[in-house]
Amino acid sequence: MKLQEYMGKELLRAVGVPVPPGGVATTPEEAAEIARTLGSVAVKAQVLVGGRGKAGGIKLANSPEEAEVAARQILGMDLKGLTVEKVLVEQQVSIAQEYYAGITLDRANHSYILMLSSMGGIDIEDVAASNPDAIIRTWIDPAYGLLPFQIRDAMFAAGFERSAFKDLQNIIAGLYQVLVEEDGFLVEVNPLAVTTDGRAIAADAKVDLDDSALFRHPELAALQSETIGDPLEQIASEKGFAYVRLGGDVGIIGNGAGLVMMTLDVVKQVGGNPANFLDIGGGARAEVVRNAIDVLLQDENVKGIVINIFGGITRGDEVAKGLLQVASERDIPVPIAIRLAGTREAEALELLEGSSFIPAADLVTATRSVLEQMQERSTAGVGGQR
Ligand code: GDP
Ligand code: MN
């Protein structure tokens, strides 16, 4: 889970890393209000893309009025395909030096790696390509942790400002603390700024956490809803589905990512327009199938559903029971066809006999039946109000 800058800075602040005071605004008026207490500010787009500065997503403002204007320009802006919905309004840092500090996993070496560079403020990938020696790498044995002498060694080698050593060292130790305590993949500060009056401060923050460890951090799991833009993707993620909304009108459910991708291709080839990717995974029980249909029916674009199940550890009869369960609980406003092969196929077909679900021997037939019914219903005006 990648955290937006303001969330990452919260984690840094909590372990004592200095970050500029500020607040989050969703309207220009709010931005002005926050700026009123801070003096000169930086107004920063909160979207999960790098290089916001270059793309026009960061503006400096010297009064509440300027902050309002800047926020009006940035809010709603499209930054590399993402719409800006929030800005961080932060006290401006008077930057003398821009450094880079990042800690991440080095899987090949079974360790963490600390990277420091005095060429901060610009894309670290560019530095790595054009000037690889400018990045000082220090491997961290997780059993010992990041030791103070390692940080000082690395700062010497990177050529950091000596007068700010103590502050910088504390910040780097703080980054490691956040990484370990929050189960992170990456904690990166670029620029790690030294101010004109000699203090060190984290002017940006990029934090990526391990989703598999989120159960250990309930307070962060709550933030996850903010990191997923689409409310339906949020609901699907809570149910444990791999789900992506695609914008067409044919809902798709399959077991296994490869099978679902193949189903998307076939639906498209037959002339349909997939509404989503939804993988129920292997060995799904009736309840899971029920939940999957439930998610798709919450998407008002969905006018028909194609289910593709290859029964290995997934049992056909369980899938059929899940479908019948939904049908017993609610009115199903769209045609649903199912292609089912493998384990307990015969039992499944028997269970579905007499139901409104359309069984099909192959995927093309399943898709065609759904598309035909969608067509009929839309010309008859049935289900069109969904
Ligand atoms: P990124 O472009 O998405 O990495 O966003 P950053 O937060 O790193 O900001 C990009 C650049 O904007 C920084 O390298 C700084 O040069 C500049 N910048 C950001 N905040 C401030 C600030 O408070 N004061 C000053 N003077 N410059 C800032
Ligand atoms: Mn940055």
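Just after helix α3, glycine 76 adopts a positive phi of about 85° in this predicted model. The helix that ends ahead of this glycine, α3 (residues 64-74), lies across β3, β4 and β7, and runs at about 165° to β4. Its buried residues are Pro64, Ala67, Ala70, Ala71 and Ile74. They span an arc of only 120° around the axis, and are therefore found on the same side of α3. From there, the buried residues of α3 pack against α2, β3, β4 and β7.

The strands beneath this description belong to an open sheet of 4 strands, ordered β2-β7-β3-β4, with antiparallel pairing. At its edges stand β2 (22-25) and β4 (58-61); each has a single partner strand, so one side of each is left without a neighbour in the sheet. From one strand to the next, the twist averages 20°. For β2, the pairing with strand β7 (residues 87-91) is antiparallel and extends over 4 bridges. Within this pairing, valine 24 has leucine 88 of β7 as its bridge partner. A further helix, α2 (residues 28-36), lies across β2, β3 (41-45) and β7, and its direction makes an angle of about 170° with β2.

Turning to the chain as a whole, the domain assignment gives domain 1 (21-91), domain 2 (95-221) and domain 3 (231-380). Between domain 1 and domain 2, the C-alpha centres are 25 Å apart.

It is also worth looking at the nonpolar cores. In soluble globular proteins, nonpolar side chains tend to be buried together. Here the largest nonpolar core has 43 residues, of which Leu12, Ile103, Leu116, Phe160, Leu168 and Ile172 touch the most other members. Helix α6 (residues 165-181) supplies the largest share of this core, with 8 residues. A second, separate core contains 31 residues, including Ile309, Leu323, Ile332 and Leu352.

Isoleucine 103, one of the residues that touch the most other members of the largest core, offers a good view of its surroundings. Leaving aside neighbours within four places in sequence, isoleucine 103 is in contact with Tyr112, Ile113, Leu114, Ile140, Leu146 and Ile172, and also with Leu175, Tyr176, Leu179, Phe185, Leu186 and Val187.

Definitions and conventions:
Residues numbered from 1 in each chain as written. Chains lettered and ligands numbered in written order. Predicted model: local features only at pLDDT ≥ 70, side-chain atom pairs only at ≥ 80, totals over all residues. Heavy atoms only, no water. Pairing = 2+ DSSP bridges. Helix = DSSP H or I, 4+ residues; strand = E, 2+ residues; numbered from the N terminus. Axes fitted to C-alpha atoms, helices over the stretch in contact; angles between N-to-C directions. Contact = heavy atoms within 4.5 Å. Domains from an automatic or database assignment. Buried < 20%, exposed > 50% of the residue type's maximum accessible area, 1.4 Å probe, protein only. Arc of directions from axis to C-beta. Core = buried A, V, L, I, M, F, W, Y, C linked by side-chain atoms within 4.5 Å.
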